[in-house]
Amino acid sequence: MVVDKTETVPVGSGDSIVRVRQEVRKWALALGFSLVDQTKIITAASEIARNTIDYGGGGELRLEHVRSGVHRGLRLVFTDKGPGIADIARAMSDGYTSGSGLGLGLGGAKRLCNEFDIRSAPGEGTTIAMVRWK
Amino acid sequence: MEQIPILLVHDCLLVSIQVDMHDRLAMQLQDDLTNKIVKTRAKGVMIDISALEIVDSFIGRMLNNIAAMSRVLDAVTVVVGMQPAVAITLVELGLGLTGVRTALNVDKGLALIRRLIDGTGEATVGRRQD
């Protein structure tokens, strides 16, 4: 996977979720994503940004235009230095939440993109990478 | 302070969400609507989301909560104008909005609310008996 362009934005306060959505929309539009594809990746980003704030104590999002052969896509990498996730499989399952949400964030976001990778360990923070191909 | 306007028309509260909602604004709308239902004794609530480009689980939960709160306050809530791309995404996300009544547009939404309030629809079930 080749990275053509990259930018990092902070994910800190509740308002920054709106900023994340706007940035992701801008980057998806630049790739010529269809409206449905745009909506899916923006929604996935919104879910993960909220997790980064609520559970990770804030962090950052790296946006990347990526290429693999003839395919172009948008890669989003959310990183936080929070407490991390002890049981990733459980956190991914629908309906499970350690907070007050619906427990749809991680599993839902995974369904909304083509590639989803989560790395986390207790005390190590969490990194979530998502790719939506055009 | 930023606030989403709530209009009272006859016995219905009308809300049109025209901004990209941050979470605090969503929570505030939920509180404002609940208070306004009691204050105005409104029987119906219509929420127009045609300008919303995404509905994530937080906004979805807000819509569910508003519908549930209005129900216990003897009012019906109808969400109107969801964009097709938003509907596709919501279902894939895993959020069916099962507790929320919907209509395609404002016109159909008002007609549905009228039917529900007048008790000619099936929604008389669970309504308070005065």
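Guide: Two strands count as paired if DSSP finds at least two bridges between them. This model is predicted, and the rule can be applied to its strands.

Visitor: What makes strand 2 and strand 3 of chain A a pair?

Guide: Ten bridges join strand 2 (residues 59-68) of chain A to strand 3 (residues 71-80) of chain A. The requirement is at least two bridges, so these strands pair. They run antiparallel, and Arg62(A) stands opposite Val77(A) in strand 3 of chain A.

Visitor: Why are strand 1 and strand 4 of chain A called edge strands?

Guide: Five strands of chain A form an open sheet in the order 1-2-3-5-4, with antiparallel pairing. Strand 1 (2-11) and strand 4 (115-120) of chain A each pair on one side only. From one strand to the next, the twist averages 15°.

Visitor: Which strands of chain A does helix 2 of chain A touch?

Guide: Helix 2 of chain A packs on the sheet and touches strand 1, strand 2, strand 3 and strand 5 (126-133) of chain A. Its direction makes about 15° with that of strand 3 of chain A; an angle under 35 degrees counts as roughly parallel, so the term applies here.

Visitor: Why are helix 1 and helix 2 of chain A called roughly antiparallel?

Guide: The axes of helix 1 (residues 16-30) and helix 2 (residues 35-54) of chain A cross at roughly 150° and come within 9 Å. Angles over 145 degrees count as roughly antiparallel, and therefore the two helices earn that name. Among the residues that meet are Val20(A) and Val24(A) in helix 1 of chain A, and Ile41(A) and Ala45(A) in helix 2 of chain A. The contact residues divide into nine nonpolar, two polar and four charged.

How values were computed
Residues are numbered from 1 along each chain as its sequence is written. Chains are lettered from A and ligands numbered from 1 in the order in which they are written. This is a predicted model: local features need pLDDT of at least 70, side-chain atom pairs count only at pLDDT 80 or more; totals for chains, interfaces and linings use all residues. Axes are lines fitted to C-alpha atoms, for helices over the stretch in contact, and angles run from 0 to 180 degrees between N-to-C directions. Helices (H or I, at least four residues) and strands (E, at least two) are DSSP runs, numbered from the N terminus. Angles under 35 degrees count as roughly parallel, over 145 as roughly antiparallel, 65 to 115 as roughly perpendicular and the rest as oblique. Two residues are in contact if their C-beta atoms, placed from the backbone, lie within 7 Å. Ala, Val, Leu, Ile, Met, Phe, Trp, Tyr, Cys and Pro count as nonpolar, Asp, Glu, Lys and Arg as charged, and the others, Gly among them, as polar.
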